[in-house]
Amino acid sequence: MTASIRPEHRADVEYLLRLGDTTLILGQRLGEWCGHAPILEEDIALANVALDLIGQTRAVLTRAGEMEDQGFDEDQLAYLREERDYRNLTMVELPRGDFAFTVLRNLFVSTWLKLHWERLQDSADAELPGIAGKALKEARYHQQHAADWVLRLADGTDESRARIDTALAELARYVPEMFTADAVDAAAEAGKLGPSRAALREAWEAEIASVFGECGLTLPAAGAFVSTGTQGVHTEHLGRILAEMQYLQRAYPGGVW
Amino acid sequence: MTASIRPEHRADVEYLLRLGDTTLILGQRLGEWCGHAPILEEDIALANVALDLIGQTRAVLTRAGEMEDQGFDEDQLAYLREERDYRNLTMVELPRGDFAFTVLRNLFVSTWLKLHWERLQDSADAELPGIAGKALKEARYHQQHAADWVLRLADGTDESRARIDTALAELARYVPEMFTADAVDAAAEAGKLGPSRAALREAWEAEIASVFGECGLTLPAAGAFVSTGTQGVHTEHLGRILAEMQYLQRAYPGGVW
Amino acid sequence: QRLQERFDARIDAGDFIEAKDWMPDNYRKTLLRQISQHAHSEIVGMLPEGNWIGRAPTLKRKAILLAKVQDEGGHGLYLYAAAETLGQSRDEMLAALHSGKAKYSSIFNYPTLTWADIGVIGWLVDGAAIMNQVPICRCSYAPYARAMIRICREESFHQRQGYDSLLVMMQNGTPEQKAMVQDAVNRWWWPCLMMFGPPDDQSPNSAQGMRWGIKRVSNDTLRQKFVDATVQQAQVLGVTLPDPDLKWNAERGEEGHWDFGTIDWAEFWRVVGGDGPVNRERLGARVKAWEDGAWVREAALAHARKQQTKQEAA
Amino acid sequence: QRLQERFDARIDAGDFIEAKDWMPDNYRKTLLRQISQHAHSEIVGMLPEGNWIGRAPTLKRKAILLAKVQDEGGHGLYLYAAAETLGQSRDEMLAALHSGKAKYSSIFNYPTLTWADIGVIGWLVDGAAIMNQVPICRCSYAPYARAMIRICREESFHQRQGYDSLLVMMQNGTPEQKAMVQDAVNRWWWPCLMMFGPPDDQSPNSAQGMRWGIKRVSNDTLRQKFVDATVQQAQVLGVTLPDPDLKWNAERGEEGHWDFGTIDWAEFWRVVGGDGPVNRERLGARVKAWEDGAWVREAALAHARKQQTKQEAA
């Protein structure tokens, strides 16, 4: 492996990259907590979520590489694309923030992923149902873990409530992207590869509302801004993540690990 | 430019890399302040110091490449070595810290560099005297700028004094490396390439004491620990600096900039 | 009344107004708003470029970029100084920036995603800024005009450096580098056209600005001039401007103009209104720098007071 | 007195002591110190490895590393739980760590400078830890012994994974990768030998530990066993251990041993005393995590209290 690779911009591949890059970059962010969490149990739990996400990434990127047909494996796809060819939800590339930001983001993203995995069990693709079945169990646990913490923090102290409120205000801005469908979604839906993002909005909002309802939080109404990481236009944070993540692959061309 | 380069471990080249890597990495750290300094004048001043340091780096690494004789240019040397082949003072790779840490480190390093440039004006090397003459003027300004701020902060408010005290406690640990000579220093001295680090201690301590004397600071006595960046054994910070600094060169092999 | 008449007459005669001269309140306010906004743009503009200092691909490019942000800081200084002649302190102007009351150029609410963005900012963003700023060198308020003369000279230099760095990549670079340049142009082109402000028929303040000799050329005129100049440069560079409606129209004006497509003014107003890609990050970074630096400024002040006391005692 | 005699008799008979059993104060204190130090080592040990999670070179290696640090966190949990049976809370133990009163394994005061360090930590550091820990699976204090059995099983797995990752690089990697592995071995070898503690004749606590069945094998014996086992593995790997005095001595012991050079005990004591390469960073990171997380722990507590009040009211 040496220079950058560029996958063809095919709708089915893009669809999988959106999933696989979202789990990859969130896994990367959660890995940053290692040794720095508020209690040992959370060092373990966040490492565990990250581990699951990296496992999901491996399965999804491997499948994306098979579809794409230039023979790219999971590591080439994870490590050798240029920034503009990553397709993750913008939300996951934001800095790890404080623990409130981390668990609220985990709640949002794991719910979004869970809804995908549920529906991907019925994908017409040969591999995705199997991948989704395994990932679904993990996502349910991730969602539960995040929801438990959101409840605790929202209904804890004044400080923890203020921090959850701040996190919500920051993250809400990146929610519309989760449900703004485009041609890639339309093709996936038409081809029975997987659901359009738009189709998940109602269920997602209901699940979030059910958690929020227990602790008096409200999801802000969506603004006009729609972030565009899933279309490859990211924030300035992704470039820094990639500089770190890709470093060894870039610095040791032809290396075997 | 593609894979990593490895300069031969020749004493004269190592000697120059210690200078050039120190200016390079300190310049890199100071660049992080851009847009984030306490007042606009300091955004400008720190960018200016960084700019001077990068200029010095270019001259010194170019000369090191000529001596080394594999035809490496300044950019290959700056961007394509592995971590263990960098030779900067450990002190400069420490995170940028707060403004007190930044100006105190600048005082320590610019004084150290200034003493080098003074003596390098008499180097037997064909190029170094010219490089040193230009750099000396810059280093004097850097030293003055840093000293002014150390005075202000040490004799400012209780908070600024506490911050300078903290910075001093942190930095003092990395001072002994500045004056612990080894075979590279001995060879440079013998070959009239430049001074041994050990020969600069007295003058450095006197200049620092003269600044410190004005504001009641005292340089702590040296402990047993001697950091080893100049011998290529760094802290965990350098790897992260390099991941950022080298990213484009690594990700775009054969690129022309 | 007499003062107002004399002021109008001087403006009509093309005289320059100095800080000590009488001027109408609105003239002062309009200038203050414009100069401080311009100053804020210089310092907020350091952020998107600062994002790439650590990753500049060669030492030469790193040095050029450091020199550029240093210049921009300098421009901020001149402009704050020019604005201060109108009776507002820099701290007051910064407070207005930090509270969101004062604006800065909306172009800096777009992120710098690749190294080519740095070149494109030099070429297009600085290019558009120069188009906007050259007429201000003849602005009726002399301190502002003097600051602008110096600034425009440096900006032209930055623009050439930006263009040059793109030219190197397009002429000698790898296919990946060329694609990176084209991508950056695609992202920055339309926001740059918005830098000239809303269309003339939707720009209510323009007429008064023209009358006062603060504004010399209309938004649409400047925008057209920018497009005409840039199309040629894009051709030399070998990039495509992302506008299918772009075509030469020999019929317009004396020497013809380039027609261009419709600007998405909804986006413009959204970003100006605070809802662009990185508005929060930019303002947040400035506020954080200011707050984190409070203890430094207090220390400097305390030290200066102590020094003064000592000198007075001596 | 009777209790003491009965306790001694049980120890002599090789019985296990349980938490509810009577035990001498010093036995309790010694165990507490040792178990909490071991627990602290697990969590401080997450830091040097955590440093490379973000840069792991393949997804598989990233997953393996995440699983490993997760296991280490788990080991910390078991060990804190085992120590708590002796009457000190986890928070008290952490307070002792953060104040510098309690120690952790000095090996973690060395930095992880390259990716190969991660493999070498698995191979050598975990290898040395296992040598130290296997005898503790027969420790007289049952809760500690039970925790160690589980821990040793997982550590062996980690050691194999570390060794395997080095083997891949040494057998199939580039020359740069091989050099990276050799360099990591050079840096970690001597500190690993120090992990067994001071020489037997300078280890005053060892005798009492042996008597109590807390310590089963002496420092020097374990160290020799580690060297003997590791030399072979190094040969298979194709790396050179950085000790010119290393040579086979068929005369020593029944089956012979590898002689090795003199350990720099001054360095050992300096690092144990707090003056190693990254002591401050490691402890600083733990203290910062604890302080930054205070509001989270308070919130969890406040929430639990509220829930309890609700339940009691219902």
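**View 1. Where chain D meets chain A.** In this predicted model, the contact (heavy atoms within 4.5 Å) draws 51 residues from chain D and 48 residues from chain A. About 4100 Å² is buried between the two chains, with 69% of it on carbon and sulfur atoms; that is accessible area (1.4 Å probe) lost on putting the two parts together, summed over both. On the chain D side, D:Leu59, D:Gln70 and D:Trp295 lose the most area to chain A, together 20% of what that side buries.

**View 2. Polar links between chains D and A.** There are 2 salt bridges here, meaning a Lys or Arg side-chain nitrogen within 4 Å of an Asp or Glu carboxyl oxygen. A:Asp155 and D:Lys306 form a salt bridge at 3.3 Å, N to O. Also count 15 residue pairs in polar contact, both at pLDDT 80 or more (N or O atoms within 3.5 Å, one able to donate a hydrogen and the other to accept it; residues adjacent in sequence count only if both atoms are side-chain atoms).

**View 3. B:Asp21 up close.** This residue sits in helix 1 (residues 11-31) of chain B (helices are DSSP runs of H or I, at least four residues, numbered from the N terminus). B:Asp21 counts as buried because its relative accessibility is 0%, the cut-off being under 20% (1.4 Å probe, protein chains only). A polar atom of its side chain lies 2.8 Å from the backbone nitrogen of B:Arg87. Leaving out residues up to four places away in sequence, B:Asp21 touches B:Leu61, B:Arg81, B:Asp85, B:Tyr86, B:Arg87 and B:Asn88.

**Notes.** Residues are numbered from 1 along each chain as written, and chains are lettered from A in the order written. Local features need pLDDT of at least 70, side-chain atom pairs need 80 or more, totals for chains, interfaces and linings use all residues, and side-chain values use heavy atoms, without hydrogens or water.

Definitions and conventions
Helices (H or I, at least four residues) and strands (E, at least two) are DSSP runs, numbered from the N terminus. Buried means under 20% relative accessible area, exposed over 50%, partly exposed in between (1.4 Å probe, protein chains only).
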